[in-house]
Amino acid sequence: MTSKASNANRVCEHTDNSHDELISSLSSTSINTLFDNESQFHSASCLPGSSTITPVVSNEYLECQRNKTLDKLFHPIIKQQELHQQSRQPSKEHMKVVVLLVGLPASGKSTLCHQIKDYINATTEYKCGVYNAGDVRRKRSITFNDANFFDPSNESAQRDRDLYAAITLNHLLSDLDKVDIGFLDATNTTVERRHKMLQHIRSKNVAVAILEVDSVFADFNIISGKLNNADYVNKDNKMAFRDFKNRLRHYKSVYEPVTWEELDKYGDQVTAYIKCVNGGESFDLIKNKEAEEKEMEETGKESEFWYFKVLQQFIDQYDQSIGIEYRKRAKEFRIDL
């Protein structure tokens, strides 16, 4: 058993410092259609802002099945790439990447981030980290943050949430000398919040991709994952479920899905928009046109857009390795509290 698989077995058991460990750890083809010739982005089967279904496996399910998943998905690829990894390392000047997550609570964002991280760390020469704003909030909050903390009309809590997101992003940016691609795992559900995050990133010489995740399987994700996280330790399951549903209601009241118009306003700062639908039934990476043209011009050297290929490889295998099993479990799920 690999060291990663061994560690996974311990993750299945709840420990008080599990979220502290997450904090400290280094935790593509374009869609060539004629949607809008003036847009920086090509069209896809799932448009930004459209109503979609995007379930992914819950955190608990992922962690408790990590040994099985790594053996099934990554081990054969690792064998194929051992010599490749020994002979090639990323150049010191290669582009670093920040992936900005967008999506409602219980949409599966965190799980998807960790699945991509595991894939990249296990099968490529690049290093990936996940930086979760919820973990920062839980670490710094003195009292339990119930649903009222996430009420958009709660101005004091809004300032705190903005602060936690900024702290998380600063942690990610400071780690870019250690990781090649970092995921900012936060809801980022409004245009204003995304704009703030991108403004903060702008001073750094990094590429940015936006990954949007939606899900109608929120109840499944809440029951199988959220009730077991640090927010609800020693809390009654029925109370925890009601509280999280109220939190979700608050987020839905202000949620602004990503649109083509928003992406175009970011210009060349955002090089790719990624959207996952139906747990892998549709999972698209749409490149900024300017980035795509530059990528096509690059020859004989490590591509500035190396992450396009890596993310596309993950997308190509996602449905068979994870999505089909997840959808089956989610569709068969019934609430029993």
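**Exercise 1. Which residues in helix 6 meet which residues in helix 7?**

Solution. The model used in these exercises is a predicted one. Begin by locating the two elements, helix 6 at residues 133-140 and helix 7 at residues 155-174. From helix 6 the residues in contact are A133, V136, R137 and R140, and from helix 7 they are Y164, A165, I167 and T168. Sorted by character, the residues of this contact divide into five nonpolar, one polar and two charged. Two packed helices are described by the angle between their axes and the distance between the axes. For helix 6 and helix 7, the axes come within 8 Å and cross at roughly 115°, and the crossing is right-handed.

**Exercise 2. Describe how helix 7 packs with helix 8.**

Solution. Start with the geometry: the axes of helix 7 and helix 8 come within 11 Å and cross at roughly 35°, in a crossing that is right-handed. Next, list the partners, with Q158, R161, D162, A165, A166, L169, N170 and L173 on the side of helix 7, and R193, K196, M197, H200 and I201 on the side of helix 8. Finally, classify them: the contact of helix 7 with helix 8 divides into six nonpolar, three polar and four charged residues.

**Exercise 3. Work out the layout of the sheet and state which strands stand at its edges.**

Solution. The protein has 13 helices and six strands. An open sheet of six strands shows mixed pairing and has the order 2-3-1-4-5-6. Strand 2 (128-132) and strand 6 (282-287) each have a single partner strand, so they stand at the edges, with one side of each left without a neighbour in the sheet. From one strand to the next, the twist averages 20°.

Both kinds of pairing can then be illustrated. Strand 1 (residues 96-102) and strand 3 run parallel and are joined by four bridges, with L100 having L184 in strand 3 as its bridge partner. Strand 5 and strand 6, by contrast, run antiparallel and are joined by six bridges, with C276 having F283 in strand 6 as its bridge partner. Strand 5 and strand 6 also form a hairpin with four residues between them, and N278 in the turn has a positive phi of about 55°.

**Exercise 4. Establish whether strand 6 is covered on one face or on both, and name helices that pack on the sheet.**

Solution. First consider burial: six of the six residues of strand 6 are buried. Then separate the faces, with S282, D284 and I286 on one side and F283, L285 and K287 on the other, and both faces prove to be covered. Among the helices, helix 13 (residues 306-332) lies across strand 1, strand 3, strand 4, strand 5 and strand 6, and runs at about 165° to strand 6. Helix 5 (residues 109-123) also packs on the sheet, where the strands it touches include strand 2 and strand 6, and its direction makes about 160° with that of strand 2.

**Exercise 5. Decide whether T189 is buried or exposed, and list its contacts.**

Solution. Place the residue first: T189 is found in the loop between strand 3 (181-185) and helix 8 (191-202). The relative accessibility of T189 is 5%, and because buried means under 20% relative accessible area, T189 counts as buried. Leaving aside neighbours within four places in sequence, T189 is in contact with G103, L104, R194, Y251, V254, Y255 and E256. As a setting for this result, 54% of the 337 residues of the protein count as buried.

Notes
Residues numbered from 1 in each chain as written. Predicted model: local features only at pLDDT ≥ 70, side-chain atom pairs only at ≥ 80, totals over all residues. Heavy atoms only, no water. Axes fitted to C-alpha atoms, helices over the stretch in contact; angles between N-to-C directions. Left-handed = near helix turned anticlockwise from the far one by under 90°. Contact = heavy atoms within 4.5 Å. Nonpolar A, V, L, I, M, F, W, Y, C, P; charged D, E, K, R; others polar. Buried < 20%, exposed > 50% of the residue type's maximum accessible area, 1.4 Å probe, protein only. Pairing = 2+ DSSP bridges.
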